[in-house]
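Here's a short walk through one protein model, written for someone who'd rather be at the bench. Keep the viewer open as you read.

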Amino acid sequence: YYDRLFYQSGLQEKISTFINSQKRTAGIAISFGTMHHRDVLFCGNQQEIDDDTNVKIIPIKRNSIFDMASITKVFTCLMTLKLVDCNMLQLSNVIFDLDNRFVNLKEVTINDLLSFKTPLVTANRIENAQNMEEIEKLLFGIKPSFTNIGRLYSDMGAIVLKYVIEQVTGRE
């Protein structure tokens, strides 16, 4: 019964188009159902590029492990769009103009970060920093990195937007 409903919904084809044809995201796992039945749809890849920017495709599977930080991107996006709605930000705002600590982001806009159009890189990996001071030094020195790999899905844009949102709202 549930399989037939799911098949008739066309959801799998729409998600497959969203991921495989439109390339909107690398992959997705969706849990759905009722109190008495649960199913999970897996589509796409959990990884397409490794830490050294080499192609390394790993499809999403039932036992895939996901980075919990990824959900932060959703909340950061919603907060940013709410600030746009409240006329506190515009998608065309340049990052440096909003927070001048980001000295290398003088041509990068909020839209560039929300849409993953501008990949960002730090001088060293943040996870290797010894303390918050080192982390912030790396973050505020972040630079655009234009590569030939196309759109790069990364946490860095959301991290930059977190600081911009705090700067614009005056709240941490």
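## Starting from one leucine

Leaving aside neighbours within four places in sequence, which residues is L120 in contact with? In this predicted model, the list runs to L105, L113, I142, K143, P144, S145, M156, G157 and V160.

Several of those names come back in the largest nonpolar core, which has 19 residues. The members that touch the most others are I95, F102, L105, L113, L120, I142 and V160. Three helices each chip in at least two residues: helix 5 (110-114), helix 6 (132-140) and helix 7 (156-169). Helix 7 gives the largest share, with six residues. There's also a second, separate core of five residues, with F6, I15, L41 and C43 among its members.

## The overall layout

Zooming out, the chain has seven helices and five strands. Going along the sequence, they come in the order α-α-β-β-β-α-α-α-β-α-β-α. The C-alpha trace spans about 55 × 40 × 30 Å along its principal axes.

The chain has 172 residues, and 27% of them count as buried. Take the contacts with a separation of 6 or more: 46% of those are between residues 24 or more positions apart. As for the outside, the accessible surface is about 11900 Å², and carbon and sulfur atoms account for 52% of that.

## Rings around F102

The count of aromatic pairs in the model comes to three. One of them is F102 with F140: the ring centres sit 5.1 Å apart and the planes are at 75 degrees, so this pair is edge-to-face. It ties together distant parts of the chain, since F102 is in the loop between helix 4 (95-98) and helix 5, while F140 is in helix 6, 38 residues apart. Both F102 and F140 are buried.

F102 also pairs with Y163. Here the centres are 6.2 Å apart with the planes at 70 degrees, so F102 and Y163 are edge-to-face too. This pair also links distant parts of the chain, with F102 in that loop between helix 4 and helix 5 and Y163 in helix 7, 61 residues apart. Both F102 and Y163 are buried. Put together, ring pairs join F102, F140 and Y163 into a cluster.

## Two faces of helix 3

Now for a pair of residues in one helix. Is T80 buried or exposed? T80, which lies in helix 3, has a relative accessible area of 0%, so it is buried. Setting aside neighbours within four places in sequence, T80 is in contact with L89, I110, L114, L161 and I165.

F75 sits in helix 3 as well, which covers residues 70-85. What does F75 count as, buried or exposed? Its relative accessibility is 54%, so F75 counts as exposed, the cut-off for that being over 50%. F75 is part of a nonpolar surface patch of about 390 Å², together with I71, V74 and L78. So helix 3 holds both a buried residue, T80, and an exposed one, F75.

Terms used:
Residues are numbered from 1 along each chain as its sequence is written. This is a predicted model: local features need pLDDT of at least 70, side-chain atom pairs count only at pLDDT 80 or more; totals for chains, interfaces and linings use all residues. Side-chain values use heavy atoms; hydrogens and water are left out. Patches are made of residues with over 30% relative accessible area and no salt bridge: like charges are joined within 9 Å, nonpolar side chains (Val, Leu, Ile, Met, Phe, Trp, Tyr) within 5 Å. Accessible areas come from the Shrake-Rupley method with a 1.4 Å probe; for residues, only the protein chains shown count as cover. A salt bridge is a side-chain nitrogen of Lys or Arg within 4 Å of a carboxyl oxygen of Asp or Glu. Helices (H or I, at least four residues) and strands (E, at least two) are DSSP runs, numbered from the N terminus. Buried means under 20% relative accessible area, exposed over 50%, partly exposed in between (1.4 Å probe, protein chains only). A nonpolar core is a set of buried Ala, Val, Leu, Ile, Met, Phe, Trp, Tyr and Cys residues joined through side-chain atoms within 4.5 Å. Contact means heavy atoms within 4.5 Å. Rings of Phe, Tyr and Trp (its six-membered ring) pair if their centres lie within 6.5 Å; planes under 30 degrees apart count as stacked, over 60 as edge-to-face and the rest as tilted.
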